[in-house]
Amino acid sequence: MNASNLTPHLPALRRGKPYESLEKNEIVDYSTGAVVATVSQVNAGVLKKDLKNIGDARAALRKFSVAELIEISSKAGELFLNGTLPLGDKGHTQSADQYVATLAGTSGLPHVMVRRNMDKIHHALTNMQTVLNGLTRGLPLEVIDRGYGEQSGAAVSYYPTTQALGLVMPSNSPAVNSLWLPAIALKTPVIIKPGREEPWTPFRLIQAFIAAGAPAEAFGFYPTDHEGAGEVMRICGRALIFGDANTVAQYRDNAKFSVHGPGFSKILIGNDCVDNWEQYIDLMVSSISDNGGRSCINASAVVVPRHGKAIADALAKRLGPMRPQRPDSPDARLSGFANPKMAEYVDVAIEEGLKTSGATDMTEKYRGGARREVFEGGTYLRSTIVHCESFDHPLANREFLCPYASVVEVPEAEMLDKIGPSLVVTAITESDEFRSRLLDSALIERLNLGPISTMKISWDQPHEGNMFEFLYRRRSIERA
Amino acid sequence: MSTTTPEAAQDQLDAHLREIIKWHFSDETGSPFWLNWAAKAGWDPRKEIQTTADLKKFPHFEDEWLRDLQPEVWVPKAFAGRPFNIFETGGTTGMPKQRIGWDDYKVDYSEFSEKISDEHFPRNHYWLMMGPTGPRRLRLAIEHLANVRGSACYFIDLDPRWVKRLISNKHFDQAKAYMEHVVDQAATILKHRKVSGLFTTPKLLEALAERVDIWDAGIRGVFCGGTTMLPQYVRFIVEEVLENRIGFYPTYGNTLMGLAASVPLTPEDQYSITYYAPQPRAILRVVDPSDTSKTVEYDAWGRVELTTLTREFFMPRFLERDEAIRRRPRNQYSWDGVAEVRPFGAMEKKIVEGVY
């Protein structure tokens, strides 16, 4: 084995077949800078060429029934969580513990958070029957196998909207891979462009599916550049994209795309409950800081009719002292930055925002140091709670890749006029009138009524769109 | 296999250099620009420039001279009265660089004809050029190349200035539509006419191959140029676009230099293309960007410096907007080559190359 073979190499997977490119990216440990793997990069033309024959990949999945693919998904879930699976094309393998350590080392996510993400993925895979039941609203799954059947006594027929599901994945949160998992059971091949720093999770999931009996040709793994990502979006009949507001803006309002940008998730407390705010502090802390504060479902604003300053101070007191820990510490709560420049950018953006009057960094006095901190070679951003005097302040409705939230006082009657599009809203209120307005709001994608963390996910309910309705469309059918 | 030693090639180059310097800096044959320049410089290049090492006595040629000055200042006295061609570089907005010429392009492309095979570019047949025609030297050069081989050439224009503008303004849909318009025309020609040789840019080639089976359409050889071609991309073109059965001839060149041909790829090359200047008419050096008097080591990256040495045009030490790897002499080329050419600073900043 020569020196280059000592480092794992992740090839592109072209309809399941490994392809070693002459162009490779190095994936480095975020704290030591050591190269832990190389990843083959392909040009957009490769994608275009492969997708011409994507019908073959779909045909490979169609040989299985949905029930069989659910069984395969379940096995894949166990293998993903516990198995030792191939890692690349140079004879390396990866145990579950190695996956945790490697992903933690390159993403900055502490082990405890990686394991939590693994559990979410495992849960989605091993409960695929329930997930599909929720997404299809109880459709007998044979209908998908046959293309037609009956549901609640009515004739139904569904046809696929695409030959493949395109996925432009992020680097910041492995659990988002859960979103595409139903596609395999729904007989739809996946074309994945992994995040630059996070090839691990999609690659391991693909290996788990293949080891569980799924046809390899159903999986495309294409590390590629911006142009290649554009081709994934353009060529696949349906595609998911994750990215910042600028990246996803061009794909909004098009039924072909499911767009996952910043969530701007929020906690709203009504007039009737806000005087008891102290009992909800744990919920607020976990909603803001779980998963390192990096998810679109992390709360990034707490909106209350009064007690804003006191709530902000209480949150700051809890979150401000939180320090970076070693990634394998069970107490680690902050994520390191694979790209230290990103940490610098976020830090500067918050400081710039604070220059506009009407906002106070409530965490500053509890932090005992700078927001940006280097710990054992890794760069971290410490939690930041900003009290804003108005929702119009530039920091009131922002989302950053760290535990960050604003606390803003807004009269309950005006809250829904102010909050803007919000992926998750946890509304703490018993008021029927307020609940009714919340249920009517088109701004809220996922609504938690009562003290439920914004981080709670139920995969059998839609998350930014229903995957079944995205991949299948109902048609009218008459049979003689 | 070298046809001559590097030392002999250097002697030949130095002799050619002295002849060209004498030509451009003599009252009987030189151009107004260089005679005027020498008068102001206060030294006589005919005496002081004996070898290519002496070229460092010249400052870097300034491209503004080709934008700001009228074309007649470049006419060598010996060519006075002969109408000339005015060729322009790619350009973006504003005044483009212009170079005048008479027969240089014919010399360059007649020589290049000896480097392409009859198998890939059958003689007495038809060619198609799909790429920047307009005011570019390439337009006449390709036609001359086809003619030299007894062939005729169809032309489909692509205006790279417009494409760059569309991309810079983020009008990606329009850029795509324009590219489709260009490719549509090529597909139509291939459908209705017999064509065996194709000149185009890599991106257009890729787009054409998505529309047409170019082997079935009769194409046997592709001559490509005009943009960055990194090894993986070259491999993709060779293996998947041309399917290892259509000849591929990547070139590096521009209006100011002429044409640098590439050596045939071997497995050891790993699809890294090396180009060799048409020495002695042009010299390519890969220089240290922070001290351009120094040539970088072999297999190291540096900025490309071009010196053009013909009786029609003298251009010393022009710093191209490209960077490349310096390569050793190889095959029939007894001088340095440049490999993996890409826009200067490509690793640090985003460069608009568009459909090139």
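Me: How many residues of chain A are in contact with chain B, and how many of chain B with chain A?
Reply: Two residues count as in contact if their C-beta atoms, placed from the backbone, lie within 7 Å. Here eight residues of chain A are in contact with eleven residues of chain B. The model is predicted: local features need pLDDT of at least 70 and side-chain atom pairs pLDDT 80 or more, while totals for chains, interfaces and linings use all residues. Residues are numbered from 1 along each chain as its sequence is written, and chains are lettered from A and ligands numbered from 1 in the order in which they are written.

Me: Which classes of residue make up the side of chain A that touches chain B?
Reply: Ala, Val, Leu, Ile, Met, Phe, Trp, Tyr, Cys and Pro count as nonpolar, Asp, Glu, Lys and Arg as charged, and the others, Gly among them, as polar. That side of chain A has two nonpolar, three polar and three charged residues.

Me: How is chain A divided into domains?
Reply: Domain bounds come from an automatic or database domain assignment. In chain A, domain 1 covers 8–261 and domain 2 covers 265–449. Their C-alpha centres lie 30 Å apart. The contact takes 17 residues from domain 1 of chain A and 19 residues from domain 2 of chain A. On the domain 1 side, six residues are nonpolar, ten polar and one charged.

Me: At what angle do helices H7 and H8 of chain B pack?
Reply: Helices (H or I, at least four residues) are DSSP runs, numbered from the N terminus. Axes are lines fitted to C-alpha atoms, for helices over the stretch in contact, and angles run from 0 to 180 degrees between N-to-C directions. H7(B), residues 160–168, and H8(B), residues 172–192, pack at about 150°, with their axes 7 Å apart. H7(B) is therefore roughly antiparallel to H8(B), as angles over 145 degrees count as roughly antiparallel. Trp162(B) and Leu166(B) are among the residues that H7(B) brings to the contact, and Phe172(B) and Tyr178(B) among those of H8(B). The contact has seven nonpolar, one polar and no charged residues.

Me: Where does the pair H4 and H10 of chain A fall?
Reply: Angles that are not under 35, over 145 or from 65 to 115 degrees count as oblique. The axes of H4(A), residues 66–82, and H10(A), residues 200–211, come within 8 Å and cross at roughly 125°; the two helices are therefore oblique to each other. Ile72(A), Ala76(A), Leu79(A) and Phe80(A) in H4(A) meet residues of H10(A) including Arg204(A) and Phe209(A). By class, this contact has eight nonpolar, no polar and one charged residues.
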